[in-house]
Amino acid sequence: MNAAVAETDHHDHGPAPGLMRWVTTTNHKDIGTLYLWFSLIMFFIGGAMALVIRSELFQPGLQIVDPQFFNSMTTMHALVMIFGVVMPAFVGLANWMLPMMVGAPDMALPRMNNWSFWILPFGFGMMLSTLFMPGGAPASGWTLYPPLSLQGGMAFPFLIFSIHLLGISSIMGAINIVATIQNLRAPGMTFMKMPLFVWTWFITAYLLVAVMPVLAGAVTMLLTDKFFGTAFFTAGGGGDPVMYQHIFWFFGHPEVYILILPSFGVVSEIIPTFARKHLFGYSSMVYATASIAFLSFIVWAHHMFTVGMPLSGELFFMFATMLIAVPTGVKVFNWVATMWRGAMTFETPMLFAIGFVVMFSIGGFSGVMLALAPVDFQYHDTYFVVAHFHYVLVPGSIFAIMAAVYYWLPKWTGNMYDEKWGKIHFWVSTIFVNLLFFPMHFVGLAGMPRRIPDYAVQFADFNAIASIGAFGFGFAQLIFVYVVFKCLRGGEKATDQVWEGAHGLEWTLSSPPPYHTFTDQPIIK
């Protein structure tokens with residue numbers, strides 16, 4: 001590590017001793033590490049919930065859990081995976097890498113950084129405790145649609161309060177990222193010279209600040225409907241349950257881009273390194289990211305084609321949604337163009353990045369299908385929707401996080417990870433993740449509804465295959481834990497140019513290119 005980076009490792013007074021170091025730290029690397037470990041723990045908790053769901057669905061009939069608990073699992077699995085795994089993991093990566101990438105000594109607001117992390121364990125402790133309260137967690141899915149979400153017992157206000165805590169944490173993390181990028185860039189680092197990971201997080205942070213208060217408003221109105229006699233969403237009191245859907249999805253659709261834009265940044269860093277070429281079309285990638293973020297605010301009702309909106313509304317949301325395919329297609333084209341005629345090698349981070357591009361594209365194509373209002377009436381609330389968003393979020397966001405960890409682990413630890421086990425992890429994960437989610441397209445198109453613990457016998461074979469895939473994918477992640485612990489404990493020392501084994505392109509060469517290197521030949525040092 002160079003001296004500038006080493007300076008950020010310690011405070012003037014040195015770290016606090018022992019455990020208190022982790023509680024009181026304001027060092028961006030320590031806090032990034034805390035976020036990543038927290039995310040990994042929640043990954044296994046959320047994964048265990050998914051395995052409860054898939055165990056019940058292994059065959060028709062009710063055999064393992066009662067329907068109330070099954071639906072509580074669908075609610076909690078989604079909340080844990082979205083707010084406890086993907087978002088904290090990307091904030092952890094941002095904490096570690098952003099200051100180094102922009103040449104800053106630390107994050108702009110280090111004490112707030114510490115606070116925004118430590119809210120999370122308490123928020124999730126409260127959220128998970130609702131499973132042990134009378135009535136259990138709401139059985140309404142993570143969307144918490146009324147009137148179903150209002151049927152829950154005393155667990156409901158605890159769930160709402162935990163969502164507020166997670167939102168506060170996200171907003172503080174986002175403000176910190178914006179402040180760092182705006183104010184602490186090294187001299188000469190203009191916006192159009194920032195690495196793409198920095199750009200994607202910059203745009204994501206603005207999305208977070210814009211939409212988390214919308215979710216807070218929606219769940220607070222739910223709370224007052226249940227306990228304070230208001231009727232925002234209660235039809236009997238003059239309210240409208242569909243209004244909740246509008247408010248929720250005005251948050252929810254930008255949220256899915258909050259979960260995927262940092263993935264785009266990670267993949268845009270990794271592919272150029274292992275293709276040994278500069279990223280194709282740097283500025284178009286920046287503009288595409290900004291376009292996706294803008295369009296994400298005007299497509300929310302494509303989640304609501306079946307609520308009875310006017311035809312003009314359906315047409316607007318259909319065309320606006322299909323418009324998002326354009327900047328997304330630009331990104332996929334640029335990644336493929338970066339690999340084109342490159343001197344590619346296939347280390348583990350590159351495998352995960354290519355897996356991301358291929359499988360995220362599958363999710364993108366099924367998204368275009370769901371954007372078509374006339375046929376969405378058939379797809380809506382079936383397993384086809386489940387297949388679509390899981391292809392975007394698992395081989396999408398989760399694979400990008402794993403690619404990032406493999407890519408930067410040598411920089412974080414000073415040791416190279418075990419390449420053989422990394423590749424085994426990739427291939428086992430890829431096989432099982434497709435075994436898990438691809439059959440869901442078929443049962444969904446055949447009409448199997450989501451969030452139901454029992455199903456008709458004709459769906460049995462595909463569900464059995466999906467459940468086997470779920471257990472295979474879940475246990476494959478133990479390989480990941482093994483690789484990380486083995487790397488932490490030692491191994492071959494990483495050099496200054498970490499990917500020297502990849503024939504000498506240093507890890508920092510990603511984006512943007514210097515002005516004099518626009519050639520059609522691979523750039524090999």
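Good morning. A search of the whole structure finds 3 salt bridges. The structure in question is a predicted model, and I shall take these pairs in turn before moving to a helix, a surface patch and some backbone details.

As general background, side chains of opposite charge can pair when their charged atoms come close. The pair that comes earliest in my list is Asp30 with Arg21, whose side chains meet at 2.7 Å, N to O. The two partners differ in their surroundings. Asp30 has a relative accessible area of 10%, which means that it counts as buried. Arg21 has 28% and is therefore partly exposed.

Next, please look at Arg450 and Asp381. Their closest N and O atoms are 3.8 Å apart, and the pair is a salt bridge. This pair connects distant parts of the chain, 69 residues apart: Arg450 sits in the loop between α14 and α15, while Asp381 sits in the loop between α12, residues 373–379, and α13, residues 383–413. As for accessibility, Arg450 is at 17% and so counts as buried. Asp381, at 40%, is partly exposed.

The remaining pair is Lys486 with Asp418, with a distance of 2.5 Å from N to O. Lys486 belongs to helix α15 and Asp418 to the loop between α13 and α14, so this salt bridge ties together parts of the chain that are 68 residues apart in sequence. Lys486 has a relative accessible area of 36% and is therefore partly exposed.

I turn now to helix α5. How far does helix α5 reach from its first C-alpha to its last? The helix covers residues 110–129, which is 20 residues, and the reach is 30 Å, close to the 28 Å expected at 1.5 Å a residue.

Which residues of α5 are buried? They are Asn113, Asn114, Ser116, Phe117, Ile119, Leu120, Gly123, Phe124, Met127 and Leu128. The cover over these buried residues includes four helices: α2 (18–24), α3 (28–56), α4 (67–102) and α6 (155–183).

One of the buried residues of α5 deserves a separate comment, namely Asn113. Its relative accessibility is 2%, and because buried means under 20%, Asn113 falls in that class. The side chain of Asn113 is joined to that of Asn95 by a polar contact of 2.6 Å. Leaving aside residues up to four places away in sequence, Asn113 touches His28, Ile31, Asn95, Met107 and Asn176.

For a second buried position, consider Thr328 in helix α10, residues 311–339. Thr328 has a relative accessible area of 16% and so is buried. With residues up to four places away again left out, Thr328 touches Ile292 and Phe360.

From the interior we move to the surface. Which residues form the nonpolar patch on the surface? The members are Phe58, Leu435, Phe438, Phe442, Phe462, Ile465 and Ile468, and together they present about 570 Å² of accessible area. The elements contributing two or more residues to this patch are α14 (419–445) and α15 (460–489). Ile465 is a member that lies in helix α15. At 32% relative accessibility, Ile465 is classed as partly exposed.

Finally, three points on the backbone. The peptide bond running from Pro146 to Pro147 is cis, with omega near 0 degrees. Pro147 is located in the loop between α5 and α6.

Where is Arg276 found? Arg276 is in the loop between α8 (241–275) and α9 (282–295). Its phi is near 55 degrees, a positive value in a residue other than glycine. The relative accessibility of Arg276 is 2%, and Arg276 therefore counts as buried.

Arg451 also has a positive phi, of about 60 degrees, although it is not a glycine. Arg451 is placed in the loop between α14 and α15, the loop that also holds Arg450 of the salt bridge with Asp381. Is Arg451 buried or partly exposed? With a relative accessible area of 25%, Arg451 is partly exposed.

To close, I would draw attention again to the salt bridges that span the chain: Arg450 with Asp381, 69 residues apart, and Lys486 with Asp418, 68 residues apart in sequence. Thank you for your attention.

Technical notes
Residues are numbered from 1 along each chain as its sequence is written. This is a predicted model: local features need pLDDT of at least 70, side-chain atom pairs count only at pLDDT 80 or more; totals for chains, interfaces and linings use all residues. Side-chain values use heavy atoms; hydrogens and water are left out. Patches are made of residues with over 30% relative accessible area and no salt bridge: like charges are joined within 9 Å, nonpolar side chains (Val, Leu, Ile, Met, Phe, Trp, Tyr) within 5 Å. Accessible areas come from the Shrake-Rupley method with a 1.4 Å probe; for residues, only the protein chains shown count as cover. A salt bridge is a side-chain nitrogen of Lys or Arg within 4 Å of a carboxyl oxygen of Asp or Glu. Buried means under 20% relative accessible area, exposed over 50%, partly exposed in between (1.4 Å probe, protein chains only). The expected span of a helix is 1.5 Å times one less than its number of residues. Contact means heavy atoms within 4.5 Å. A polar contact is a pair of N or O atoms within 3.5 Å; within protein, one must be able to donate a hydrogen and the other to accept it, and residues adjacent in sequence count only if both atoms are side-chain atoms.
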